[in-house]
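Student: I would like a close look at a single part of this structure, described slowly enough that I can follow it on the screen. Please tell me how each term is defined as you go.

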Amino acid sequence: MLFLANVIEIFRMKRLIFSILLLSGTLLMHSQQRDLNFYLEKAKITSPLIQKNKNDTKIIDLDLRQTERILKNPEINLESNVLFAPIINHSSNHLDITSAGADNYSGYDLGITNGGQYQAFVSVKQPLLGKMNYKAYSEKSEIARKQNENSTNMTIHEMEQLVAYQYILCLKSKAQLQNAVTVQKQLNEQLGIMKKLVDNAIYKQSDLMLLQIEKQNLELSNKSFEDDYKSNVYDLNLLCGIEDSAIVDIQELDLHLKPQAATSSQFLTSYKLDSLGIIADLSISELKYKPQLSAFANAGLNAVNIPAFNRLGFSAGLTFSLNLYDGNQRKLEKEKSNVNINTLQFEKNHFLTQQQINKDKIKNQLKSLDERGTILENQLLQYEKLYKVYENELSQGLVSVMDFKNLLKDITAKRQDFLLQRMEKQLLVNSYNYWNY
């Protein structure tokens with residue numbers, strides 16, 4: 001028995017060294033460590049939606065500048081027009097380019113054409129009420145810019161939730177792998193002891209074979225968890241736009257519930273901005289019912305007979321318009337805006353209800369998980385005590401190998417339940433923080 005005690009002591013010393021090597025599993029040894037922030041930053045950089053929002057903001061600014069040029073700056077054009085309207089003069093029986101006072105002819109009425117039209121001039125048109133109209137477009141542009149900024153914030157928020165979800169799946173696979181490696185390490189230790197006990201005829205060869213078969217089963221499980229970890233890391237890289245095939249060591253994560261924001265939910269910002277956008281669109285549509293005044297001028301050639309240099313000149317004037325009646329379209333446009341705002345208000349109220357229901361549901365699930373976690377933790381402590389008893393009795397040949405093998409299975413399953421409970425809690429916290437925004 002002294003020999004067996006020495007053997008057990010040697011294997012216990014090796015256990016401490018071996019546990020350090022297998023803490024993160026064979027797969028994760030010497031691999032690069034990455035945390036959640038690393039993936040979040042990569043996702044923000046590579047996100048096409050965020051890049052599109054940035055470009056959309058630039059387009060909004062360019063559209064406003066273009067509108068300002070239209071409303072405030074003069075428009076200068078070079079215009080030319082040549083129209084031939086010849087007549088058949090019956091007095092001379094030949095084709096005349098101009099009328100030359102003919103009164104018996106075939107062709108267009110001279111009062112309309114007078115022979116044709118010959119134009120070549122520079123024209124200038126200057127809006128005079130552009131500043132008043134520009135204000136409405138500027139307010140619309142500012143709202144559109146805020147909408148785009150809010151869209152970027154919501155994209156980042158949703159991205160954080162998705163990346164964190166996939167990151168937790170990676171942690172789940174890693175924890176399962178670590179659990180399996182730990183059990184395999186314990187079994188390897190017992191196999192070493194069992195060989196000595198079989199040699200001393202304390203246990204049968206069949207007992208040793210049972211543990212060897214169980215070791216092979218654990219090796220298969222390890223391979224499955226290892227492949228699952230690789231697959232989840234690849235999916236995480238895909239989500240974040242990371243072109244990297246290296247297997248990395250995903251660092252631990254401990255998410256906590258975020259407190260309720262002092263102000264209203266950020267989700268409501270989009271409803272508020274959409275309402276302001278509808279009002280801004282209505283303000284722009286109202287511009288056509290305001291007075292429109294422009295000044296114009298042109299200079300150059302403008303003649304109805306074959307032109308000569310004495311037909312060079314210029315003209316200037318004002319154009320004014322004011323809509324008096326368009327079939328009550330103005331009233332209909334206001335009604336459409338009111339309907340759209342009512343729709344947004346209904347959607348907002350519906351969302352608030354969904355948001356509160358989801359938060360209450362998650363809180364209730366977290367409470368149940370905490371209760372289950374306490375029970376599982378106590379069970380694991382009992383299993384650890386029982387394992388030490390079995391370990392001692394096994395070294396003395398007082399317990400059957402089948403019972404010991406079943407105990408290992410029970411411990412493995414209970415540890416899996418515990419880590420799944422822990423990961424499920426992290427997923428629920430991540431989901432709660434998404435809704436509590």
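Tutor: What follows begins with the setting, looks closely at the sheet, and then turns to some individual residues elsewhere in the chain.

This is a predicted model, in which local features need pLDDT of at least 70 and side-chain atom pairs count only at pLDDT 80 or more, while totals for chains, interfaces and linings use all residues. Residues are numbered from 1 along each chain as its sequence is written, and side-chain values use heavy atoms, with hydrogens and water left out.

The protein chain has 8 helices and 9 strands; these are DSSP runs numbered from the N terminus, helices being H or I with at least four residues and strands E with at least two. Of its 437 residues, 36% are buried, where buried means under 20% relative accessible area, exposed means over 50%, and partly exposed lies in between, with a 1.4 Å probe and protein chains only. The accessible surface comes to about 26,200 Å², and 56% of that area belongs to carbon and sulfur atoms; areas of this kind come from the Shrake-Rupley method with a 1.4 Å probe, and for residues only the protein chains shown count as cover. Among contacts (heavy atoms within 4.5 Å) with a separation of 6 or more, 82% join residues 24 or more positions apart.

Now to the sheet itself. It is an open sheet of 4 strands in the order 2-6-8-9, with antiparallel pairing, and two strands are said to pair if DSSP finds at least two bridges between them. The edges are formed by strand 2 (75-84) and strand 9, each of which pairs on one side only. On average, neighbouring strands of this sheet are turned by 20 degrees against each other, direction ignored; axes here are lines fitted to C-alpha atoms, for helices over the stretch in contact, and angles run from 0 to 180 degrees between N-to-C directions.

Starting from one edge, strand 2 is joined to strand 6 by 10 bridges, and the two run antiparallel. To trace this register, take Leu83, whose bridge partner in strand 6 is Gln117, and then Asn81, whose partner in strand 6 is Gln119. Strand 2 lies largely in the open, because 0 of its 10 residues are buried. Moving inward along the order, strand 6 (residues 116-127) pairs with strand 8 (residues 292-303), again in the antiparallel sense and over 10 bridges. Here Val122 has Ala299 as its bridge partner in strand 8, while Ser123 has Asn298 in strand 8. When you inspect such neighbours, keep in mind that in a regular strand the side chains alternate between the two faces of the sheet.

Beyond the sheet, helix 4 (residues 130-199) holds Leu197. Leu197 counts as buried at 0% relative accessibility, and its C-alpha lies 8.6 Å from that of Gln396, although the two are 199 residues apart in sequence. Asn148 is also found in helix 4, and it is buried, with a relative accessible area of 7%. The side chain of Asn148 reaches the backbone oxygen of Asn53 at 2.3 Å. Leaving aside neighbours within four places in sequence, Asn148 is in contact with Asn53, Lys54, Asp56, Thr57 and Ile60.

Two loop residues deserve a look at their backbone. Ala201, in the loop between helix 4 and helix 5 (205-240), has a positive phi of about 60 degrees although it is not a glycine, and at 67% relative accessibility it counts as exposed. Asn328 sits in the loop between strand 9 (312-321) and helix 7 (329-395); its phi is near 60 degrees, a positive value in a residue other than glycine, and with a relative accessible area of 46% it is partly exposed.

Lastly, the cysteines: the structure holds 0 disulfides, a disulfide being a pair of cysteine sulfur atoms within 2.5 Å. The sulfur of Cys170 has its closest cysteine sulfur in Cys240, at 9.3 Å, which is too far for a bond. Cys240 is accordingly in no disulfide. Cys170 is buried at 0% relative accessibility, and Cys240 is buried with a relative accessible area of 0%.

Note on methods: Polar contact = N/O pair within 3.5 Å; in protein donor to acceptor, adjacent residues only side chain to side chain.
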